[in-house]
Amino acid sequence: MPKSIIVPEGTQKPIAPYSPGTLADGIVYVSGTLPFDKNNDVVHVGDAGAQTRHVLEVIKSVIETAGGTMEDVTMNHIFITDWANYQAVNKVYAEYFPGDKPARYCVQCGLVKPDALVEIATVAHIGK
């Protein structure tokens with residue numbers, strides 16, 4: 001099965017050996033996305049809602065570059081550093097998925113940079 005690597009224009013260089021997204025058989029797999037700027041520095045330090053919005057915008061750009069939309073998202077894997085941020089993450093998350101919600105899970109864990117409060121990995125079925 002052939003696959004295509006998805007790298008939206010203006011994407012920062014990953015801090016590890018991975019691609020922002022991979023398209024295979026009509027499915028877009030978006031790597032774990034952190035709230036990083038183009039220099040891989042954490043943005044919106046201390047603001048879980050703003051970090052979530054940044055992460056979801058990056059995910060949206062990967063999916064759109066592959067030819068899909070956020071409505072094509074079927075699964076999200078959410079990682080947060082503190083359950084105290086759960087409500088802020090959910091508030092922003094609901095803006096990006098106003099209709100039928102994709103499946104998801106959320107776990108509390110440490111992330112690669114201490115100022116990062118949220119990371120999301122996504123699967124979208126775009127049917128191409």
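I started with the bridge partner of A24 and found I27 in β3. This is a predicted model, so I kept that in mind throughout. A24 sits at the end of β2, which covers residues 21-24, and β3 takes in residues 27-33. The two strands run antiparallel and share 4 bridges.

Next I checked the turn. The hairpin of β2 and β3 has 2 residues between the strands, and D25 has a positive phi there, near 55 degrees.

Then I went to the other neighbour of β2. β1, residues 3-6, pairs with β2 through 4 bridges, again in the antiparallel sense. I looked up I6 as well: its bridge partner in β2 is G21.

On to helix α1, residues 48-65. How far apart should its ends be? With 18 residues at 1.5 Å a residue, I expected a span of 26 Å, and the end C-alpha atoms are 26 Å apart, so the two agree.

I looked at both ends of α1. At the N-terminal end, D47 acts as the cap, with a side-chain oxygen 3.2 Å from the backbone nitrogen of G49. After the helix comes G67, and its phi is positive, near 105 degrees.

Which residues of α1 are buried? My list reads A48, G49, A50, Q51, T52, V55, L56, I59, V62 and I63. Residues three or four places apart on an α-helix point the same way, because there are 3.6 residues a turn.

Last, I asked what covers these buried residues. I noted β1, β2 and β3 among the covering elements, along with β4 (73-80), α2 (86-96) and β6 (118-125).

Terms used: Residues numbered from 1 in each chain as written. Predicted model: local features only at pLDDT ≥ 70, side-chain atom pairs only at ≥ 80, totals over all residues. Heavy atoms only, no water. Pairing = 2+ DSSP bridges. Expected span 1.5 Å × (residues − 1). Buried < 20%, exposed > 50% of the residue type's maximum accessible area, 1.4 Å probe, protein only. Contact = heavy atoms within 4.5 Å. Polar contact = N/O pair within 3.5 Å; in protein donor to acceptor, adjacent residues only side chain to side chain.
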